[in-house]
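Colleague: Hey, got a minute to walk me through this one? I'm new to it.
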Protein chains: 2
Amino acid sequence: MAGYEDFVDLSYKPAKSDMIVSFRVGVPGWETKKRAWGAVASESSIGTWAKVVGLKYEHVKKVAAKVFWAGKDGWIKIAYPVDHFEYGNMAQILASIAGNDFGMKAVSSLRLQDVKWPAKIVKAFPGPQFGIKGIRKIFGVKKRPLMLSVPKPKVGMTTKEHAQIGYDIWTGGLDLLKDDENLSNQKFNPFEKRVKLSLKLRDKAEKETGEKKSYLINVTAPTTDEMLRRAKFVAREGGEYAMIDVITSGWTSVRTLREHCADLGLAIHAHRAFHGAFDRNPKHGFSNLAVGEVVRLLGVDQYHIGTHIGKMVSPKHEVLDVQEHITQQKVRENPVEHCLAEDWLDTKPVFPVASGGLQPGLIPQIIDLLGTEIMLQLGGGVHGHPKGSHAGAIAMRAALEAKLEGKSLEEASASCKALQQAMDYWGYTRPR
Amino acid sequence: MAGYEDFVDLSYKPAKSDMIVSFRVGVPGWETKKRAWGAVASESSIGTWAKVVGLKYEHVKKVAAKVFWAGKDGWIKIAYPVDHFEYGNMAQILASIAGNDFGMKAVSSLRLQDVKWPAKIVKAFPGPQFGIKGIRKIFGVKKRPLMLSVPKPKVGMTTKEHAQIGYDIWTGGLDLLKDDENLSNQKFNPFEKRVKLSLKLRDKAEKETGEKKSYLINVTAPTTDEMLRRAKFVAREGGEYAMIDVITSGWTSVRTLREHCADLGLAIHAHRAFHGAFDRNPKHGFSNLAVGEVVRLLGVDQYHIGTHIGKMVSPKHEVLDVQEHITQQKVRENPVEHCLAEDWLDTKPVFPVASGGLQPGLIPQIIDLLGTEIMLQLGGGVHGHPKGSHAGAIAMRAALEAKLEGKSLEEASASCKALQQAMDYWGYTRPR
């Protein structure tokens, strides 16, 4: 395995067209730092070449990666010549930079923290079709956060029960019903029946409330052919969205859905089930920030960024970093978090969805942290309301309106019984 | 978050139709074991239901998961009613059992070790089209391990250089040329040009050697439409295989490829780039054993199982477990490794590929460990030969034939200069 050191050149100045990746490398006892760093650059690009038949393939160096920066605590940056990659092929790009390198004995752990995507690669991906502005236009809602809810229990209800919950939360004041990540086309609630009935009740709720309502329908399927058939069915029935489990379906399917949704006029909602398997350990794996950037390139319109106060592990700085990188056009480098500068060019922003164990009493805190260009997703925090889903939705809408009007929740609850009940039930911490 | 305990019932006897999953659960200081275990069963099935609108949805329990066994060191088994799932939808199945549960605060770590796939689910997947027998028939090779090699450097060579290496290794005695995981359709070596030239040289090598030769062509692409277009191109040009980066492409794409390869008559070779991001830590993430089972169900014909003696982290017991579960029809429970019993019914076996830092001197050890129903993949261990790829292939074939004839490599090297050179260069450890 000679030659790893040859992949380290701290005097190298990356070309503007290079892809830059920040990694944190654990160095095993038997390796030098330089060899461990070089091993990552080697395995994630051309492999060892120095001893392979001499210098016969000298030109291969043109696509070799280089470690060009090393900081404290194992942090390094690697530059990849852009022509190393097939520009718009996410599966190929990740098979390079996030492939075998995670499993090498030459590193004791490896964290891919962030990627600076060069212009040629950014341009080779479609990005979101709608983006935040396009989604707001669907609803005619200019400023307030949009609100969604996934029925609980997650699975097992009949189609009628599930759709009824949609009706309850729409008429209670929420914008969007959402399928859960593990609801697709099961016997107890078949896909086509669910779409038809839910959209019928959606129409009814729209009439009654005078507001636009919609439904995030999970088209996650056995094959992409079937996924697209389901997406077409949604479009034909008058839906606005296809939802997909982006990680368990896979990156190639996500881009496939995006390309076809351009014709179908459907927006894409991305659920990130499985991410904790590879992003939870801060010293190993693929960061949630990188996932957010990948799905922005691939072109989803909405993405779950978690919350720092819910039931899922989701550090505050991570939530904020992901929000920044999926919504801004230019991002500055953050040396503390090892997040890289980014220029997203014309790529539209992704609507970030705060989710995971929220309830109405937490809404003011969430807005203080994330602002109003977000979506708020409540599951148990709506349906666990002592008076049921409809009351839960009323409480959530009231909590949000109060916050936007500068009122405290105590004040608002005086004129909203459902909010009062929610606060009695879940408690409420006044934001600092 | 009440109700987690309700998902633990150690008196429950799983139904034959249940899916069983073995997990290792890390319990945070603030949780009881029972609550942490129950949290996994809850989040990976119906979510909390006890406090959600009373017992209105009592029938939902029919698809709820149950922790029914708990052992030492955090190991548990969970039973999932089969109707919880859309039988043939891997993305849905994993979004349940390997979804949000990895990220919950209620567990400090979570390892999904193995899945016992119930018959209804096994039958809903295609499995391999060719399997080991079908692949052996392509080559007319009944007993010896098949041998493959991926050119090194991994990427950056011209099409002509890359194809020439194919010719060199085929005529040196290997069966299969393989693209590397990060070679797809880059400027320096475009896909169609590579397919055409390589298959032309393949035909030439076949004529010269009188042996069947083939090429594992990476069809990993930006979308499944393009992936299928590339696979069709391969079939039209006379190839026998489509290779895919199964994890970075994603499970839905893999099954899509499998369905179309039935018509195209192509076998599928699976590369597992990215797996180390989620399977390296034995206490967290998704095991490599589970990946092997997933790709057997989805229907790849060949899968990299690693080696315990190469450059990648790949414990011996893991390599053997994966080999057993992807090649046998019935597998017994292994309580030490927490691997579950399995009945694969009519699902064909996957040809396991030993790979990652092998060289000719290691072949006897590998055969002693894994037997002869395997494929041997050598990269640098062929192309790093002091006399080049052709000599490297001769050395590899000679090492294999020697082992099969019961000769030592020292003995064989007396009549094979290339093998002698390989052993001088890389060294050789006589197997115990």
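Colleague: How much area is buried between domain 1 and domain 2 of chain A?
Modeller: About 2,300 Å² in this predicted model, with carbon and sulfur atoms giving 60%. Buried area is the accessible area (1.4 Å probe) that two parts lose on being put together, summed over both.
Colleague: Which residues of domain 1 lose the most area to domain 2?
Modeller: R111(A), D114(A) and W117(A), and together they make up 28% of what the domain 1 side buries.
Colleague: Where do the domains run?
Modeller: Domain 1 of chain A is 4-123 and domain 2 is 131-425, with bounds from an automatic or database domain assignment.
Colleague: And any small print?
Modeller: It's a predicted model, so to speak: local features need pLDDT of at least 70, side-chain atom pairs count only at pLDDT 80 or more, and totals for chains, interfaces and linings use all residues. Residues are numbered from 1 along each chain as written, chains are lettered from A and ligands numbered from 1 in the order written, and side-chain values use heavy atoms, leaving out hydrogens and water.
Colleague: How many residues are in contact?
Modeller: 25 of domain 1 with 32 of domain 2, where contact means heavy atoms within 4.5 Å.
Colleague: How many salt bridges between the domains?
Modeller: One, counting a side-chain nitrogen of Lys or Arg within 4 Å of a carboxyl oxygen of Asp or Glu.
Colleague: What about E333(A), which residue does it form a salt bridge with?
Modeller: K77(A), with the closest N and O atoms 2.8 Å apart.
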